[in-house]
Amino acid sequence: MAFTEDLDQRLLRLAQEEREDRWLLLQTAYTGSTRRQALYQLPAGARSRIADIGCGFGAAALEMAEHFQAEVEGFDQDRSRLEVARRLSTTFPEIGDRVRFTEKDVTRFLPDHPFDLVTARFVLQYLPALATLVHWRGWVKPGGSLYLEEVDDGWTVEYPGPPRAWQRIIDAYKAYTHDHGSDREIGRKLPHLLVQAGYHLTRVLWNSKSSLAIEQPSDLQVGFEREKILSLQRALVREGYVSGQEFQAGLTAFDGAYPKMTFLTGATIQIWATLPAESPSGIP
Ligand SMILES: C[S@@+](CC[C@H](N)C(=O)[O-])C[C@H]1O[C@@H](n2cnc3c(N)ncnc32)[C@H](O)[C@@H]1O
C-alpha cells in the first residue's frame, strides 16, 4: 500500500480510539490530498531541515519526511497529540528515524538552529498573529522559507444552510472561539501580516473547493464538523453560550437533516514566503 494511503487509514483507525480529538483526526484524514498537493511543492530536498509548527498528530511532518527524504521536527504544546504522532511515526520505521516530535509553546520557544523551511497549518488562527510571525523569524534561516495555510469563515457558503437550531449552536461555537482568542477570518489578513512581519511573499494561493452533493451523516466532512462542535459542548454550556437543552435540540436538528443535497463552497489560503537573506533572525 502506498505510504499516503497507509497514513490516511491509520489516522482514520486512530479516530476510532481517540475520543476528544476525533474531529482533528477526521479533519487530518479528510484534508490529506489537498495538504500533500501543497506540501510537495515546497522548496525542500534531502538536505533540508524542516520544522512543522503546531504539528498536531504529525501527518504533515511524516509526509514531508517521506516525500523529501528530509529531517523534519514537529512542534506542538499538546502532549497527547504528540504521543499519537510518535506512535504513528513508529509504524513507518523507514521515515520515523528522520522525524522528531517536541513539546513546546511555539510563541515562546526559539530553536538553537533555525530551519530551512518552516510550515504552520491552521495554527496562527489561535495565536496573536503579528507578534507570532515576528517571533517565527527566529525559526527560519535567513533566505529560508515559511509556508502557512489558514482558514477564513467568510469564504464559506452552504446552500441550503444548516437547520436553524443547529445554526444557533454554530453561532455559539464561533462566539466562544472568538472570545477565546481565535481568529476565524485570519485568511484574508495573512498577506498583509507577513509583509508587516518582514517576510517576502513568494506565492499566494486561494485554494477553493466547491461541490453539489448529497451529503450523508457518514461523510467525513459532515462528521468532523459535528465532532468539532461536540468537543466543545461542555464548555459552551458551562460558559453560558447555549443551554444544554438548546444544544440537544441543535444536535437533533442536525442529525435529522441528512441526507441532504447541499451546495458547498469554501477556501483556505496557502502562502509561501521567504525571510530575506540579509534579515537578522529574531525579533527586530
Ligand atoms: C487545528 S490544529 C492543526 C494541526 C496540524 N497543523 C494540522 O494541520 O492538522 C492546531 C495545533 O496548534 C497547536 N498549538 C496551538 N497553539 C500552540 C502553541 N502556542 N504552541 C504550540 N502548539 C500550539 C495545537 O495544540 C494544535 O495541535
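# Why we call it that

Biologist: Why does Arg87 count as partly exposed?

Modeller: Arg87 has 41% relative accessibility. Buried would need under 20% and exposed over 50%, so Arg87 at 41% falls in between and counts as partly exposed. Bear in mind that this is a predicted model.

Biologist: What makes the pair of Glu17 and Arg87 a salt bridge?

Modeller: The closest N and O atoms of Glu17 and Arg87 are 2.9 Å apart. The limit is 4 Å between a side-chain nitrogen of Lys or Arg and a carboxyl oxygen of Asp or Glu, so this pair qualifies. Glu17 lies in helix H1 and Arg87 in helix H5 (residues 79-90), so the bridge ties together parts that are 70 residues apart in sequence. Glu17, at 47% relative accessibility, is partly exposed.

Biologist: And how do you know that Asp6 and Arg10 are separated by about one helical turn?

Modeller: Asp6 and Arg10 are four residues apart in helix H1 (residues 3-17), which means about one helical turn between them. Their closest N and O atoms are 3.1 Å apart, and they form a salt bridge.

Biologist: Is Asp6 buried or exposed?

Modeller: Buried: its relative accessible area is 17%, and the cut-off is under 20%. Arg10 has 24% relative accessibility, so Arg10 is partly exposed.

Biologist: What links Arg22 and Glu227?

Modeller: A salt bridge, with the closest N and O atoms 3.2 Å apart. This pair links distant parts of the chain: Arg22 is in helix H2 (residues 22-30) and Glu227 in helix H10 (residues 220-230), 205 residues apart. Arg22 has a relative accessible area of 18% and Glu227 has 12%, so both come out as buried. There is also a network, in which salt bridges that share partners join Asp8, Arg35, Arg36 and Glu63. Over the whole structure, the search finds 20 salt bridges.

Biologist: Why is H4 called mostly covered?

Modeller: Eight of the ten residues of H4 are buried. Among them are Ala59, Leu62, Met64 and Phe68. Glu63 is on that buried list too, and Glu63 is also part of the salt-bridge network. Glu66, found in helix H4 (residues 59-68), has 27% relative accessibility, so Glu66 counts as partly exposed.

Biologist: What is unusual about phi in Gln69?

Modeller: Phi of Gln69 is near 55 degrees, a positive value in a residue other than glycine. Most residues other than glycine have a negative phi. Gln69 follows H4 and is found in the loop between H4 and strand E2 (71-76). Gln69 has a relative accessible area of 44%, so it is partly exposed. Phe122 also has a positive phi, about 55 degrees, and is not a glycine; Phe122 sits in the loop between strand E4 (115-121) and helix H7 (129-136).

Biologist: What makes the peptide bond from Tyr159 to Pro160 cis?

Modeller: Omega there is near -10 degrees. Most peptide bonds are trans. Another cis bond joins Tyr258 and Pro259, with omega about 0 degrees. Pro160 is in the loop between E6 and helix H8 (164-179), while Pro259 is in the loop between helix H12 (244-256) and E8.

Biologist: Is Tyr159 buried or exposed?

Modeller: Exposed: the value for Tyr159 is 61%, and the cut-off is over 50%.

Biologist: Which residues form a nonpolar patch with Tyr159 on the surface?

Modeller: Leu212, Ile214, Met261 and Phe263 join Tyr159, and together the patch has about 570 Å² of accessible area. Strand E7 (200-215) and strand E8 (260-274) each give two or more residues to the patch.

Biologist: How do you know that Gly54 and Asp76 touch the ligand through polar atoms?

Modeller: A polar backbone atom of Gly54 is 2.7 Å from a nitrogen atom of the ligand, and a polar side-chain atom of Asp76 is 2.6 Å from a ligand oxygen atom. The limit for a polar contact is 3.5 Å, so both pairs count. The backbone of Gln77 has a polar atom 3.2 Å from a nitrogen atom of the ligand. The protein covers 91% of the 590 Å² of accessible area that the ligand has on its own.

Biologist: How many residues surround the ligand?

Modeller: 17, and the closest are Gly54, Asp76, Arg81, Asp105 and Arg121. The shell divides into six nonpolar, five polar and six charged residues.

Notes: Residues numbered from 1 in each chain as written. Predicted model: local features only at pLDDT ≥ 70, side-chain atom pairs only at ≥ 80, totals over all residues. Heavy atoms only, no water. Patch = residues over 30% accessible without salt bridge, like charges linked within 9 Å, V, L, I, M, F, W, Y side chains within 5 Å. Areas by Shrake-Rupley, 256 points an atom, 1.4 Å probe, with all protein chains shown as cover. Buried < 20%, exposed > 50% of the residue type's maximum accessible area, 1.4 Å probe, protein only. Near = heavy atom within 4 Å. Polar contact = N/O pair within 3.5 Å; in protein donor to acceptor, adjacent residues only side chain to side chain. Nonpolar A, V, L, I, M, F, W, Y, C, P; charged D, E, K, R; others polar.
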